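Good morning, and thank you for coming. I would like to take you through one protein model, part by part. Please look at the structure as I put it on the screen.

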Amino acid sequence: MKQTVFNRATEDVGNIAEFGHVNVRVPSQQCAIIFYIMGLGLTRDPYLRTGIDNAWINVGTSQFHLPVGPAQVLRGVIGLIMPDLDALMARLTSIQPLLQDTWFRFSRSGMLVEVTCPWGNRIRVHAPDAKRFGRMRLGMPYVEINTAPGAAQGIAHFYRKMLGALANYGVDDAGAFARIHMGLHECLVFRETVHALPPYDGHHVQITVADFSGVHRRLLERGLITEESSESQYRFQDITDLDSGKVLATIEHEVRSMRHPLFARVLVNRPLDHAGER
């Protein structure tokens, strides 16, 4: 009998064990609840940050964190997966009168819905697709960040060497990119663009790494640690060329250990499988 030969590399995860959240400040929690809960149909975390100064919004195993303050806009686009785009369109249509005179917009093309939040953050909502996104039916499969031409290859190298991540450089119809794999199904994508980038405004992403001390040591040696938050958390924001030290991209990373009390916490999500349910 012929023995099956498996490509074992397809099951590798890498050192970044979890993608936790995207954090952007919002000027109005009421508008945020209208957009993220009533419109997108996501679920406010019922256990943490339940006051009026911050909201944690669950989407599968990831979250949006929305502290109240001057608006922050991610320099790129956030990808989501939802099981029923018809239901999504109905919800988004229903909140239009509540978000007049804001940046809120949406449109659909086949199995993709493009949405802009009230403050300009861009979100792409995909239907489930096993070939692209695995078994995910509700979640945040990618965060795509715009970066300068010529930066993607060095960014992939940075994540491989400094964070022990699975990272690759590639070129597709939209241009050059670096894809950083996180957890089982999520990734950060750094997409080169010729368009001018707005100033970085402080938004951040949160990841969990297995080799917590090793990543910290390598970042500290290069002077890249920006905050020693706690025993199980630190932060950095500059992604650099490891030969020249040139900054290739800037986005704050909240880095947690797998011993952090919130690692792999089970998140409550409402069902979104039926049109008109929400």
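**Pockets, sheets and helices**

The residues that line the second largest pocket divide into nine nonpolar, five polar and five charged. Please keep in mind throughout that this is a predicted model.

Let us stay with this second largest pocket for a moment. Its space amounts to about 400 Å³. The lining consists of 19 residues, and those nearest the centre are Gly60, Thr61, Leu184, His185 and Glu186. Which strand gives the most to this lining? The answer is strand S1, residues 16–23, with three residues.

We turn now to the largest pocket, which holds about 660 Å³ of space. Its lining has 26 residues, and Arg132, Arg179, His181, His185 and Cys187 lie nearest the centre. Six elements give two or more residues each to that lining: strand S8 (122–126), helix H3 (130–133), strand S9 (139–147), strand S10 (167–172), strand S11 (175–182) and strand S12 (186–192). Of these, S12 provides the largest share, namely four residues. By class, the lining of the largest pocket contains 10 nonpolar, seven polar and nine charged residues. As a general remark, rolling a probe the size of a water molecule over the atoms shows where empty space is left.

Next, the strands. In general, strands of a sheet pair through backbone hydrogen bonds, either parallel or antiparallel. This model has an open sheet of eight strands with mixed pairing, in the order S2-S3-S4-S1-S13-S16-S15-S14. The edge strands are S2 and S14, each of which pairs on one side only. Within this sheet, S15 and S16 pair in the antiparallel sense over seven bridges, and Gln233 stands opposite Arg256 in S16.

Why is strand S5, residues 76–81, described as largely enclosed by the rest of the structure? The reason is that six of its six residues are buried; buried here means under 20% relative accessible area. S5 has two pairings to show you. With S9 it pairs in the antiparallel sense over five bridges, and Gly79 stands opposite Tyr142 in S9. With S8 it pairs in the parallel sense, also over five bridges, and there Val77 stands opposite Arg122 in S8.

I come to two helices. Helix H2 covers residues 85–95, and its buried residues are Leu85, Ala87, Leu88, Met89, Arg91, Leu92 and Ile95. Among the elements that cover them are helix H1 (29–39), strand S6 (105–109), strand S7 (112–116) and S8. At the N-terminal end of H2, Asp84 acts as a cap, with a side-chain oxygen 3.1 Å from the backbone nitrogen of Asp86.

In helix H5, residues 212–221, the buried residues are Phe212, Gly214, Val215, His216, Arg218 and Leu219. They pack against helix H4 (152–163) and against four strands: S13 (204–209), S14 (225–230), S15 (233–240) and S16 (247–257). Just after H5, Gly223 takes a positive phi of about 70 degrees.

Finally, I draw your attention to one loop residue. Where is Thr50 found? Thr50 sits in the loop between strand S2 (43–44) and strand S3 (56–59). Leaving aside residues up to four places away in sequence, Thr50 touches Arg44 and Asp45. The C-alpha atoms of Thr50 and Glu252 are 24 Å apart, and these residues are separated by 202 residues along the chain.

Thank you for your attention.

Notes: Residues are numbered from 1 along each chain as its sequence is written. This is a predicted model: local features need pLDDT of at least 70, side-chain atom pairs count only at pLDDT 80 or more; totals for chains, interfaces and linings use all residues. Side-chain values use heavy atoms; hydrogens and water are left out. On a 1 Å grid over the protein atoms alone, a cavity is a set of points where a 1.4 Å probe fits but cannot get out, and a pocket is an open set with protein on both sides within 12 Å along at least five of seven lines; lining residues have an atom within 4 Å of a point. Grid points are joined across faces, edges and corners, and a volume is the space filled by probe spheres set on the points. Ala, Val, Leu, Ile, Met, Phe, Trp, Tyr, Cys and Pro count as nonpolar, Asp, Glu, Lys and Arg as charged, and the others, Gly among them, as polar. Buried means under 20% relative accessible area, exposed over 50%, partly exposed in between (1.4 Å probe, protein chains only). Contact means heavy atoms within 4.5 Å. A polar contact is a pair of N or O atoms within 3.5 Å; within protein, one must be able to donate a hydrogen and the other to accept it, and residues adjacent in sequence count only if both atoms are side-chain atoms. Two strands pair if DSSP finds at least two bridges between them.
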